[in-house]
Every structure is written in structure tokens, then in C-alpha cells.
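Visitor: Please take me through one part of this model closely, beginning with the pairing of strands and then moving on to what surrounds it.

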Amino acid sequence: NQLMLGNSSDALVEARAADELIKKMKIYYEKEGNIGTLYTQDAFILWLIGTLYEMDNEPNDAYLAYKDALTVMKKDYAGFYGTKPPAFLAEDVVRAALKTGFNDEAELLKQENQVSGQTFELLKENGEVILILGVGESPFKTDFFITTAMTDGYVMKIAIPQFNENPNRIAYAEILGANQQNNRSELFEPINAIALQNYKHRLKKVTALAITRATTKYLASKGAQGIAKQAGGETMGAIIGLAANVASYATEEADKRSWLTLPHQFQVARIILPEGKHQLKVNFMGSGGYQLSSQNVTVDVKKGKKTFVSLRSF
């Protein structure tokens with residue numbers, strides 16, 4: 001949002017805060033043995049942090065952030081979420097290495113990742129437009145109920161949150177410039193896959209907590225029934241026990257909190273253009289190669305600078 005407002009210095013402040021948070025996040029999960037989640041680092045944010053460092057002429061910090069992003073993509077995103085690194089990410093690492101003077105490392109990275117490093121020279125005389133595209137809708141939670149009758153007639157209801165996927169029709173976006181150069185967006189942040197895979201990873205623990213919660217309600221109900229029985233006899237005890245069971249059954253609900261305004265995924269497209277104002281056409285494409293919708297964007301490109309465009313499509 002700071003970038004969209006043109007506040008690059010404020011955006012960098014946010015990036016530094018995010019950088020510190022991600023470092024603490026990594027230390028915490030390594031200390032805990034990665035218990036409870038597969039999501040211990042965020043490659044998309046690491047890349048965005050690196051981009052802001054590069055914009056602020058801090059190539060060494062940019063290099064470290066880009067390199068971390070590439071490592072996380074190769075290790076976690078490819079392994080857990082089936083998402084390979086976008087082609088431009090390794091190019092960013094190489095360019096930052098060259099800017100830092102790590103020439104030997106840059107050559108090694110070129111060979112390992114099969115990139116040219118050409119943006120190091122191209123971006124000296126041209127500008128770059130970075131389009132961040134939020135497409136589709138994130139998954140949402142509903143209740144999944146398990147009901148069982150106890151031997152004393154008490155009906156136990158257990159609620160477990162269940163993630164439901166919102167199918168995404170947008171496969172990619174085509175970006176057409178004035179020179180008819182065609183650039184295709186690449187998947188970077190698979191929010192849907194991250195949410196669903198982590199849900200599966202935590203399901204046993206979530207289920208155990210739900211069973212514990214339902215059991216606690218059951219024991220509380222039996223306790224209230226016993227007290228009522230002592231005070232008012234069998235009938236009063238039965239009434240209180242039934243009332244507690246009905247209340248427990250009616251109020252049992254899973255924790256369905258989730259961030260509903262997030263997209264299904266974030267895609268990123270990069271286009272290098274000469275200085276000046278340019279008209280871009282962004283075509284959102286389906287998996288069959290047919291156009292679903294389009295948006296026109298005007299960008300003012302500056303030599304050696306990055307211009308961000310953020311688009312959201314449902």
C-alpha cells in the first residue's frame with residue numbers, strides 16, 4: 001500500500017519490520033522443531049523485501065533477501081506446495097550479487113539456475129514495471145461435525161473446522177506493451193495451497209483439541225447434573241443434565257476465523273521498458289488459453305527505477 005501511494009521510504013520501513021519478523025519466525029520454528037506448521041518462511045515477502053532494499057541502493061541486503069527467497073522457494077514451496085521458483089527470481093539474485101561485487105558467486109548462480117544476468121546492464125538504461133496480481137479467492141472454513149452418543153445417553157457433538165477451496169479460473173496474465181512485447185505472469189505466492197496443506201498438517205492436533213473441548217463440556221454437564229440431583233432429586237438432576245446437553249450441543253462450533261479477502265494466489269509479472277509513459281494491457285487468461293477479462297494500465301517508467309502496479313481480479 002505504501003508503494004502504491006508512492007511512499008517508497010515508508011515502504012522500506014515496513015520491509016525492515018517484515019524482515020525482522022521473518023527472522024524471528026525462522027528462529028522460533030527451528031527452536032520448536034517445526035512443530036505445528038509447514039509455513040515457517042515466506043518467499044514472496046522475502047523477495048519484496050529484497051526489491052525494496054535494491055530500490056534503496058542497498059545491494060548487499062537485497063542479495064541476502066533474494067537468496068533467502070530462492071532457497072525457500074526451492075525447499076519449502078516446491079516440496080510442500082508444488083510451486084517452483086519464478087524464472088526472474090534467480091535473475092534478481094544474480095543482479096544483486098553483481099551489484100555487490102560478488103562476481104564469482106554471480107557466475108556460479110548463473111550456472112546453477114540457468115539465467116543470464118542480463119538485467120544488470122538492461123536496467124541501467126531502462127526502467128522496470130513490476131505487476132503484482134492478486135487473483136481468485138482464498139479458501140474459507142466451515143464446520144464439520146462429529147456426533148456420538150455416550151453410554152449414559154449424553155449426545156456429544158464435536159466441531160472441527162474444515163477448509164473449502166474456492167476454485168481459481170485464472171491461470172496466468174498476459175501483459176502487452178506498446179511494442180507488443182508479451183510477458184506472462186508467474187505464480188509466486190500459492191496462498192490456497194499454503195492454507196490447505198498447513199490445515200492437513202495440523203488436522204490431528206486440531207481434532208484432538210476439539211475432542212478435549214467436547215469432553216470438558218461433557219464432564220461439566222455431568223458435574224452440574226450431580227449437584228442438581230443432590231439438591232432436588234432424580235428429576236431435577238435429569239432436567240439439568242438434559243439442559244446442559246442441549247446447550248452444549250447448540251453452542252458447539254469450530255474456530256472458523258480466516259482471512260477471507262486474500263486472493264487464491266499472488267502472481268508477478270516483470271517487464272523492462274524504456275523511460276517514458278507506456279500503456280499496458282493486462283489480459284487475465286484461463287487454463288485453456290482463453291481470455292477471461294482485461295485491464296488497461298498507464299505507467300510512467302523512469303530509467304534505472306522500478307514501478308509497481310497492483311491489480312486484483314476475482
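Guide: Two strands count as paired if DSSP finds at least two bridges between them, a strand being a DSSP run of E of at least two residues and a helix a run of H or I of at least four, both numbered from the N terminus. The model is predicted, with local features needing pLDDT of at least 70 and side-chain atom pairs pLDDT 80 or more, while totals for chains, interfaces and linings use all residues. Residues are numbered from 1 along each chain as its sequence is written, and side-chain values use heavy atoms, without hydrogens and water.

The part to begin with is strand β7, which covers residues 265-273. Seven of its nine residues are buried (under 20% relative accessible area with a 1.4 Å probe and protein chains only; exposed is over 50%, partly exposed in between), so β7 is largely enclosed by the rest of the structure. Strand β1 is joined to β7 by nine bridges, and the two run antiparallel; within β7, Phe266 has Gly134 standing opposite. Strand β6, residues 186-189, is likewise antiparallel to β7, and three bridges join the two, with Glu186 standing opposite Val268 of β7.

Val268 then leads from the strands into the largest nonpolar core, a set of buried Ala, Val, Leu, Ile, Met, Phe, Trp, Tyr and Cys residues joined through side-chain atoms within 4.5 Å. This core has 40 residues, and those that touch the most other members are Val268 together with Trp47, Tyr77, Leu89, Ile132 and Phe188. At least two residues of the core are supplied by each of the helices α1, α2, α3 (59-81), α4 (87-100) and α5 (103-113), and by strand β1 as well, but the largest share, 10 residues, comes from α3. Leaving aside residues up to four places away in sequence, Leu89 touches (contact means heavy atoms within 4.5 Å) Trp47 and Phe188, along with Tyr66, Ala69, Leu70 and Met73.

Tyr66, one of the residues that Leu89 touches, is also among the contacts of Glu54, a residue of helix α2. With a relative accessibility of 8%, Glu54 counts as buried, and its partners beyond four places in sequence are Ala62, Tyr66, Arg95, Lys99 and Lys306.

There is also a second, separate core, made up of 18 residues that include Ile170, Ala173, Phe284 and Leu311. For its setting one can turn to strand β4, residues 170-176, which is mostly covered, with five of its seven residues buried. Strand β4 is joined to β8 by six bridges in an antiparallel arrangement, and in that pairing Tyr172 stands opposite Met285 of β8.

Beyond β8 (276-286), the loop that leads to β9 (291-301) holds Ser287, which counts as exposed because its relative accessibility is 69%. Although 116 residues separate Ser287 from Ala171 in sequence, their C-alpha atoms lie 5.0 Å apart in space. Among residues more than four places away in sequence, Ser287 touches both Ala171 and Arg169. The route thus runs from β7, where seven of nine residues are buried, to Ser287, which is exposed.
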